[in-house]
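Reader: I should like to go through this structure and ask, for each assignment, on what grounds it is made. Please set each value against its criterion.

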Amino acid sequence: MRQLVIVERVCLIGHIVSMVFGLVGILLVVPNAEIILNLSDVGQTAMQWSMAGGGVAYMILGAVAVFLYGLRTLGLGRTLAFMLPSVFISLGSELLGTSTGFPFGHYSYLSGLGYKIAGLVPFTIPLSWFYVGCVSYLLARAGLEVDKKPSLLRHIGAIALGALLLTSWDFVLDPAMSQTSLPFWYWQQPGAFFGMPYQNFLGWMGTGSVFMTVAAVLWRNNPITLERSQLNIPLVVYLSNFGFATVMSLAAGFSIPVLLGLVLGVTPAVALWLRGSSTSAQLTVEPVAKEVSVASVKVALK
């Protein structure tokens, strides 16, 4: 288990470092290519790697980190029960979207995110749906105490909140990533929300809700209980990815999407984490007290 934690943390750190390299490359190097000439050989190599494969690396590392986290805290079965639906359902939505315009609107991916499945969707895109979707749903499910006080209303609320956290990340990410000096996709029919059609958000909410619902159904006989410390990784992954998107958007002059993301994404995520953390702490106190009382009875009998 210790080795698993080490690999998980290395991947998480690599995920965050790759995002930082990506920001430096997109925001500093691309607009000022002469900067590369002033770097050492090591610096030039690092920046060339960052520009060539940074986008692919950060999404792969993020997916691996969250998968290992899930393996350690949820078990293989429950992790796969979320990963497989999220990857295949999001891939189906993306293929449909890039082919027909439904459910997100008419858009196309450019280069920079890896091999394209069917020549349309980079293989890394479904991975990003998985790892951001997973941490979003776990925060919502833990914060609403779905497994402690199960009810249909709580299940629906966790799915809706999880999908909202996921979509709020896209509020901030999409305008910058499609309109930066080095865009990764473009809208064939730009919309009213900083170049994005409002339909895009409905597509994100719908796609996220569908695979989170499938995961909730598959998890119905395997409730989860996350301890206080086990909710830290989902929050770190969510906030670090939101931070990456925030820097990109602010650099491009898009402040309103960032404000919306803070209100609808970061604030609920932190609130759910705090609520889930306090709940977990309460759950661990009772067994300890019982254990002490039993021990004292045994001493009395002796």
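Author: Let us begin with a charged pair in this predicted model. Lys-149 and Glu-145 form a salt bridge, their closest N and O atoms being 3.4 Å apart.

Reader: Why is the contact of Lys-149 with Glu-145 called a salt bridge?

Author: The criterion asks for a side-chain nitrogen of Lys or Arg within 4 Å of a carboxyl oxygen of Asp or Glu. The closest N and O atoms of Lys-149 and Glu-145 are 3.4 Å apart, so the pair qualifies.

Reader: What makes Glu-145 buried or exposed?

Author: Buried means under 20% relative accessible area. Glu-145 has 8% relative accessibility and therefore counts as buried. Its partner Lys-149 has a relative accessible area of 40%, which lies between the limits of 20% and 50%, so Lys-149 is called partly exposed.

Reader: Which residues are joined into one network by salt bridges that share partners?

Author: Glu-8, Arg-9 and Arg-72 are joined in this way. Within that network, the side chains of Glu-8 and Arg-72 meet at 2.8 Å, N to O. This pair links distant parts of the chain, with Glu-8 in helix α1 (residues 2-29) and Arg-72 in helix α3, 64 residues apart. Glu-8 is buried because its relative accessibility is 0%, whereas Arg-72, at 21%, is partly exposed.

Reader: How many salt bridges does the rule give, and what is the distance between Arg-141 and Asp-147?

Author: The count comes to five. In the salt bridge of Arg-141 with Asp-147, the closest N and O atoms are 2.7 Å apart. Arg-141 counts as buried at 2% relative accessibility, while Asp-147 is partly exposed at 22%.

Reader: Why is the pair of Tyr-109 and Trp-185 called edge-to-face?

Author: A search of the whole structure finds 21 aromatic pairs. The ring centres of Tyr-109 and Trp-185 lie 5.8 Å apart, and the limit for a pair is 6.5 Å. Their planes stand at 75°, and an angle over 60 degrees counts as edge-to-face, so the name follows. Tyr-109 lies in strand β1 (residues 107-109) and Trp-185 in strand β4, so the pair ties together parts that are 76 residues apart in sequence. Both residues are buried.

Reader: What makes the pair of Trp-129 and Phe-211 edge-to-face?

Author: The ring centres of Trp-129 and Phe-211 are 6.2 Å apart and their planes are at 80°, so this pair is also edge-to-face. Trp-129 belongs to helix α5 and Phe-211 to helix α7, 82 residues apart. Trp-129 counts as buried at 1% relative accessibility, and Phe-211 does so at 0%.

Reader: How do you know that the span of helix α7 agrees with its number of residues?

Author: At 1.5 Å a residue, the 20 residues of α7 (residues 199-218) should span 28 Å. The end C-alpha atoms are 29 Å apart, which agrees.

Reader: What covers the buried residues of α7?

Author: The cover includes α4 (76-100), α5 (124-143), α6 (152-179) and β4 (185-187). Among the buried residues of α7 are Trp-204, Phe-211 and Met-212.

Reader: What makes Val-64 partly exposed, and which nonpolar surface patch contains Val-64?

Author: Val-64, in helix α3 (residues 41-73), has a relative accessible area of 33% and is therefore partly exposed. Together with Ile-60, Tyr-115 and Phe-123, Val-64 makes a nonpolar surface patch of about 350 Å². Patch residues need over 30% relative accessible area, so the 33% of Val-64 meets that condition.

Definitions and conventions. Residues are numbered from 1 along each chain as its sequence is written. This is a predicted model: local features need pLDDT of at least 70, side-chain atom pairs count only at pLDDT 80 or more; totals for chains, interfaces and linings use all residues. Side-chain values use heavy atoms; hydrogens and water are left out. Helices (H or I, at least four residues) and strands (E, at least two) are DSSP runs, numbered from the N terminus. The expected span of a helix is 1.5 Å times one less than its number of residues. Buried means under 20% relative accessible area, exposed over 50%, partly exposed in between (1.4 Å probe, protein chains only). Contact means heavy atoms within 4.5 Å. Patches are made of residues with over 30% relative accessible area and no salt bridge: like charges are joined within 9 Å, nonpolar side chains (Val, Leu, Ile, Met, Phe, Trp, Tyr) within 5 Å. Accessible areas come from the Shrake-Rupley method with a 1.4 Å probe; for residues, only the protein chains shown count as cover. Rings of Phe, Tyr and Trp (its six-membered ring) pair if their centres lie within 6.5 Å; planes under 30 degrees apart count as stacked, over 60 as edge-to-face and the rest as tilted.
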